[in-house]
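Subject: Structure for your review

Dear colleague,

Please find the structure below, handed over for your consideration. My findings follow it.

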Amino acid sequence: MKRGSKRSGVAAALALLAVFAGGAQAAEEGEALFTQHCAVCHQPGGTGAPGLAPALAALLGKRVSAPGGREYLPRVLLGGLSGAIVAGGEKFNGIMLPFPQLNDAQLAALSHYLLGTLNKDTLAADFAPLTAADFAAWRGKPASAAENRKLRTQLDAAGQ
Ligand code: HEC
């Protein structure tokens with residue numbers, strides 16, 4: 001009995017480790033994808049470039065944690081974003097093109113890095129990581145870049 005519970009404790013610890021390892025692996029893959037596809041505008045580490053692209057580090061957590069915010073990254077990455085925005089006190093009025101060339105699993109890995117690493121201090125503690133299914137839901141019917149900017153405004157108002 002004692003041995004059995006010890007063994008199941010070990011099994012539980014191993015299962016937990018596997019979950020963490022999976023998350024770490026996704027974040028690592030996400031960082032590589034970010035370097036390849038996003039850093040040219042958003043800069044390494046998502047620090048942003050005035051006049052070119054907004055910072056993503058520390059600025060997304062609160063927005064995606066607001067009610068309805070779970071849709072924000074899937075919508076922007078599959079439908080784009082355009083129009084005047086303010087991010088971290090900087091004004092932008094550009095166009096973010098969507099990335100349908102990345103598959104759902106790649107977009108989920110990218111979001112692990114964006115949210116779990118770059119926004120870990122501003123993300124709600126109970127925010128469940130985005131999965132491939134969250135992206136698959138928007139792939140067939142992406143919202144327009146203008147609609148996504150409207151959502152951004154609503155989320156920022158809700159996240160105050
Ligand atoms: C060619 C430059 C460019 C590239 C490459 C690019 N973005 Fe963007 N991104 C922008 C611009 C410009 C905006 C702001 C659009 C606006 O002004 O409305 C933006 C906005 C965003 C936003 C919304 C930020 C906010 O403040 O709400 C997210 C999230 C985002 N990008 C993620 C990514 C990710 C992830 C990648 C890589 C897969 C990427 N971007 C690649 C230019 C780029």
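**The largest pocket**

The largest pocket holds about 600 Å³ of space. Its lining comprises 33 residues, and those closest to the centre of the pocket are His42, Ala53, Pro54, Leu81 and Met96. Please bear in mind that this is a predicted model.

Which elements supply the lining of this pocket with at least two residues each? They are α1 (2–37), α2 (39–42), α4, β1 (81–87) and β2 (90–96). By class, the residues of the lining divide into 24 nonpolar, seven polar and two charged.

**Helix α4 and its contacts**

Helix α4, which spans residues 72–79, also packs against helix α6 (residues 132–139), at an angle of about 50 degrees and with the two axes 9 Å apart. Since an angle of this kind is neither under 35 degrees nor within 65 to 115, α4 is oblique to α6. The crossing of these two helices is right-handed. On the α4 side, the residues that meet α6 are Leu73, Pro74, Arg75, Leu77 and Leu78; on the α6 side, they are Asp134, Phe135, Trp138 and Arg139. The contact of α4 with α6 has six nonpolar and three charged residues, and no polar ones.

A further contact of α4 is with helix α7 (residues 145–158), where the angle is about 155 degrees and the axes lie 9 Å apart. Because angles over 145 degrees count as roughly antiparallel, α4 is roughly antiparallel to α7. Here α4 passes α7 in a left-handed crossing. From α4, the residues Tyr72, Arg75, Val76 and Gly79 take part; from α7, they are met by Ala145, Glu147, Asn148, Leu151, Arg152 and Leu155. This contact of α4 with α7 divides into five nonpolar, two polar and three charged residues. Arg75 of α4 thus appears in the contact with α6 and again in the contact with α7.

**Helices α5 and α6**

Helix α6 also meets helix α5 (residues 104–117). How do the two lie, and at what angle do they cross? Their axes come within 8 Å and cross at roughly 125 degrees, and α5 and α6 are therefore oblique to each other. Their crossing is right-handed. Asp104, Ala105, Leu107, Ala108 and Ser111 in α5 are in contact with Ala132, Phe135, Ala136 and Arg139 in α6. By class, the residues of the contact of α5 with α6 are six nonpolar, one polar and two charged. Phe135 and Arg139 of α6 figure in this contact as well as in the contact with α4.

**Ser82 in strand β1**

Ser82 is placed in strand β1. Which residues does Ser82 contact, leaving aside its neighbours within four places in sequence? They are Gly94, Ile95, Ala145, Ala146 and Arg149. In addition, Ser82 and Asn148 are 66 residues apart in sequence, with 7.9 Å between their C-alpha atoms. Asn148 is also one of the α7 residues in the contact with α4.

Yours sincerely

Notes
Residues numbered from 1 in each chain as written. Predicted model: local features only at pLDDT ≥ 70, side-chain atom pairs only at ≥ 80, totals over all residues. Heavy atoms only, no water. Axes fitted to C-alpha atoms, helices over the stretch in contact; angles between N-to-C directions. Helix = DSSP H or I, 4+ residues; strand = E, 2+ residues; numbered from the N terminus. Left-handed = near helix turned anticlockwise from the far one by under 90°. Contact = heavy atoms within 4.5 Å. Nonpolar A, V, L, I, M, F, W, Y, C, P; charged D, E, K, R; others polar. 1 Å grid on protein atoms, 1.4 Å probe; cavity = no way out; pocket = protein on both sides within 12 Å on 5 of 7 lines; lining within 4 Å. Points joined across faces, edges and corners; volume = space filled by probe spheres on them.
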